[in-house]
Each structure stands twice: as structure tokens, then as C-alpha cells.
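Here are my notes from a look through this model. Have the structure open while you read, and we can talk it over afterwards.

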Amino acid sequence: MMKENPRLAKRLKDSKPLPEKKDYTERYETLSSISDKCPYKKCDGSSLIWIMDHEEGRDFARECDCKEFKKLRFKLSNAQLPSEFADTTINSFDVEIYEKAESQEQATLAKRYAGNFVKNFDLIREEGKGLYLYSRTKGSGKTRLAASILNAIVKVYDKDGRRVSVYYSSTADLLGEIRRGFDKDADVKSSDVIDAVRNVDLLVLDDIGVEKTGDWVEETFTRILEHRLLNMKLTIFTSNLAIDELDSKYPEGRVRDRIKKMAFPVKMPEEQIRSMLAEKENEDMLNLLLG
């Protein structure tokens, strides 16, 4: 059923009746022009579709499907998710791009875990248990799968009045942002960054274990993880290290112990696909250039 937008009351009030002599074969006529600014090619990019009701002699607007699409994009932009992963989905996570049979099996299982994590998100939130995606090989698909989960959570659960706050960051970038917050002229203070990361509903911490460590770094991560653990906030980690191997970076063991309680370990393939994806993208680009 078409629904009037109360904010457009004035325009509706000022709508003029149609000339009585004109013969219209259809009651409703779409007045909005079509623009590339609308991903669905249904409106002029304003997220409103203007419609003329010839029977009642007035025009009104209904929301275009692109409004929800734009809200999703805005949400993910605020989550700091790199644009490279803005459109990644779990379904599009191609396990056949791996060359080894063992890698395909591991990727298939990881993809299944990811799908069920999204499907059972409400129950998992009650458990407060996230995921720890790991493999020693860089570019093996860990970040891509983590981003796909984040995208799916926002798309499926952040709507109809529900809100799921999300945030993505590499551990190195997060530490850099916290350090910058100590500057007296900083726009965002360190305490504000830490509070945001501690309290967000779903946090993706990418590449934990590659950052330069020390007492301050370990203490900072311990404070963040402890708060999230106690408040059952979900965290998805990616790493080149197994959880027990984190002791090589955080010798006190406090980071390792908290992550063990916070996340279920998911082994990713020991095979690099980043370069293969780049080659495929280059082939697609070549086809476009050659016409």
C-alpha cells in the first residue's frame, strides 16, 4: 500500500486538480525522472518517487528502495569499513578460487560458520561469543570473510527500528588513532575512541598480532577486551597467529586468555588468494578496455 510522507504535506495541499476533459487510461502516473544516482533506476536519486493520482487529482510520494540501500552504505561508511569490502557478501565468498583441495574444504567450512553466525546472530549475542579467523598466510581471505559477516549483520539486523552498532579497524590503525587522541589539539580524544570500541555491538579487529607491542599496547588491548568480555559484546578477530601463539606478542597472556573466552577459532586456508583476485580484476578491466 502506498504511503504518504507527512513531511510533504504542503506540496500535497498545493497540488492542483487535473483538467476534467483529459482522458487518462491509467490512474497512477510516475512523475519522477530516472537517474544513475539511484542504484535501482527507480527515482531521481532523492529516494522519493513522485506519483500522480489522476482519479483524485493530486500527486504524492513514496519512498524508493534506494533509501534503505543508502542508509546501509552510510552505516558501513561510519563503521570505517574499507571501500574495497563495502559490497562483499558471504554468498560471493568463492571457495573454488583456492587451488588446493584442503584449502577449499577449510574455506567451505569457514563460509558455513560465517553464514550460521549471521543466521543465529540473536542467539549468539546472548552467548557473547565472536569468531577468530586465522591462518599464517597473508591474503588468505580472512579480512574479506570478516567484512562479509559485518555487511550481512548490518543488512539483516539493523532495520525496522532495531540498531546494531558496528566498527571495523585494523589493530595498528586503532592504536594509531588512540595515540593521536593524546595530542592536546586532537579532535577526538583517546578516551572517546576507547569508549566507542569498548561498547560497539559488533567489533571487527583485523590483523591482531602484527602491531608493534609493548606494555602500553598490551594494557590498552586488555582494557578493551576485558570490558567487551564482561559485557558480552561480540568481536570478530583476524590474525596470522593462532590464539595460543599470541603469547609471542603479548607475553603476559592476558590478551590470549580473554580472546579464548571471547571467540571461537576458525582455521582459514594456508593459501593466498589476494593476488589471484587481483589478476581476475585485471582480466575484467582488460575486457572493458578492449570492448
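1. One cut-off before we start: a residue counts as buried when its relative accessible area is under 20%. Keep in mind, too, that this is a predicted model.

2. My starting point is strand S6, residues 202-206. By that cut-off, 5 of its 5 residues are buried, so the strand is largely enclosed by the rest of the structure. You can check this face by face: Leu-202, Val-204 and Asp-206 are buried on one side, and Leu-203 and Leu-205 are buried on the other.

3. Who sits beside S6? Strand S5 (residues 166-170) pairs with S6 in the parallel sense, over 5 bridges. If you want a landmark there, look for Ser-169, which stands opposite Leu-205 of S6.

4. Strand S7 (residues 234-239) is also parallel to S6, and 4 bridges join the two. Here Leu-203 has Thr-235 of S7 as its bridge partner. Follow the chain and you'll see that S6, helix H8 (residues 215-230) and S7 make up a right-handed β-α-β unit.

5. Now zoom out to the sheet. It is open, with 5 strands in the order S5-S6-S7-S4-S8 and parallel pairing. S5 and S8 (263-267) are at the edges with a single partner strand each, so each has one side without a neighbour in the sheet. On average, neighbouring strands are turned by 15 degrees against each other, ignoring direction.

6. Last, have a look at helix H5 (residues 142-157). H5 lies across S4 (130-134), S5, S6 and S7, and runs at about 160 degrees to S7.

Terms used
Residues numbered from 1 in each chain as written. Predicted model: local features only at pLDDT ≥ 70, side-chain atom pairs only at ≥ 80, totals over all residues. Heavy atoms only, no water. Buried < 20%, exposed > 50% of the residue type's maximum accessible area, 1.4 Å probe, protein only. Pairing = 2+ DSSP bridges. Right-handed = clockwise from strand over helix to strand, strands pointing away. Axes fitted to C-alpha atoms, helices over the stretch in contact; angles between N-to-C directions. Contact = heavy atoms within 4.5 Å.
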